[in-house]
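Welcome! Take a moment to turn the model around and get your bearings. Then read on for a short tour of its parts and its ligand.

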Amino acid sequence: MGILYVVATPIGNLEDITLRAIRTLKEVDAIASEDTRQTKKLLNKYEIKTSLISYYSYNIKERTPQIINMLKQGKNIALVTDAGTPAISDPGEYLVHKALEGGIKVVTIPGPSAVIAALSIAGLSTDKFIFEGFLPRKSIQRCRLFEQLKEEERTVVFYESPHRILKTLDDLIGVLPERKIVVARELTKIFEEIVSGTPAQVRAKIKPKGEMVLIVEASN
Ligand code: SAM
């Protein structure tokens with residue numbers, strides 16, 4: 001049996017990769033990649049010649065058994081996603097699940113993840129936090145979720161898209177107007193920005209562009 005290596009890759013700055021990740025990407029038989037164009041940039045920078053297999057949300061059902069077969073035939077495969085740590089709010093989760101189900105050894109090559117990168121510089125309590133992944137797309141569901149945060153005693157981290165951030169902030173203004181929040185945008189990239197304050201203050205300052213993490217302070 002081969003090994004499935006779950007390899008964290010940069011969330012922006014291509015220098016944010018470990019020596020072990022580079023060596024693993026060089027040594028495996030193939031790399032399953034969520035975004036082959038993005039991965040090629042990384043492979044070019046580090047002169048990695050390993051072949052890529054595209055593995056993204058629309059082909060996971062057909063690709064997963066193929067990759068599992070390769071692993072069962074003794075091939076070592078690295079899994080990388082668009083950015084950050086695979087399987088954290090991305091299609092990598094499915095392959096890890098299926099590999100473990102098939103008795104295949106899964107090894108982590110840890111590194112960046114947007115949730116931890118954002119939390120580490122947000123200036124909010126990190127003793128206890130919860131990660132909620134992507135926020136619901138519908139305002140009514142978001143408001144319901146924010147209602148539950150009125151009594152939440154842990155810092156709460158969300159992934160959010162630039163297309164919805166202003167509407168999400170409007171919902172927060174309605175439900176948690178006094179709560180401190182932080183938006184961490186474009187982390188490790190040229191326009192990295194941390195905006196914090198009440199939802200109304202953040203809404204007035206934030207540029208709805210690029211990738212972002214939204215963090216909501218605990219209730220006390
Ligand atoms: N698996 C990835 C990880 O470990 O970070 C997350 C994948 S998820 C599909 C992508 C989301 O992560 C984006 O929508 C955004 O919320 C967040 N994200 C990724 N890169 C980011 C960055 N450079 N700055 C801020 N947020 C980022």
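## Two domains

The C-alpha centres of domain 1 and domain 2 lie 29 Å apart. This is a predicted model, and the domain assignment of the protein chain places domain 1 at residues 3-109 and domain 2 at residues 114-216. Where the two domains make contact, 6 residues come from domain 1 and 10 residues from domain 2.

## Where the domains meet

How much area is buried between domain 1 and domain 2? The figure is about 580 Å², and carbon and sulfur atoms give 62% of it. On the side of domain 1, three residues are worth finding in the view: Ile11, Ile88 and Ser89. Together they supply 72% of the area that domain 1 buries against domain 2, more than any other three residues.

What kinds of residue does domain 1 bring to this contact? Its side that touches domain 2 divides into 2 nonpolar, 3 polar and 1 charged. Between the two domains there are 0 salt bridges, while 2 residue pairs are in polar contact, with both residues of each pair at pLDDT 80 or more.

## Around the ligand

Now look for the ligand, which has 19 residues surrounding it. The closest of them are Thr85, Asp90, Ser113, Ala114 and Met212.

Some individual atom pairs help to show how the ligand sits. Serine 113, one of those closest residues, has a polar side-chain atom 2.7 Å from an oxygen atom of the ligand. Leucine 187 takes part through its backbone, with an N or O atom 2.9 Å from a nitrogen atom of the ligand. Alanine 83 also uses its backbone: a polar atom there is 3.5 Å from a ligand nitrogen atom.

Is the ligand mostly covered or mostly exposed? Taken alone, the ligand exposes 580 Å², and the protein buries 91% of that.

Note on methods: Residues numbered from 1 in each chain as written. Predicted model: local features only at pLDDT ≥ 70, side-chain atom pairs only at ≥ 80, totals over all residues. Heavy atoms only, no water. Domains from an automatic or database assignment. Contact = heavy atoms within 4.5 Å. Buried area = accessible area lost by both parts, 1.4 Å probe. Salt bridge = Lys/Arg side-chain N within 4 Å of Asp/Glu carboxyl O. Polar contact = N/O pair within 3.5 Å; in protein donor to acceptor, adjacent residues only side chain to side chain. Nonpolar A, V, L, I, M, F, W, Y, C, P; charged D, E, K, R; others polar. Near = heavy atom within 4 Å. Areas by Shrake-Rupley, 256 points an atom, 1.4 Å probe, with all protein chains shown as cover.
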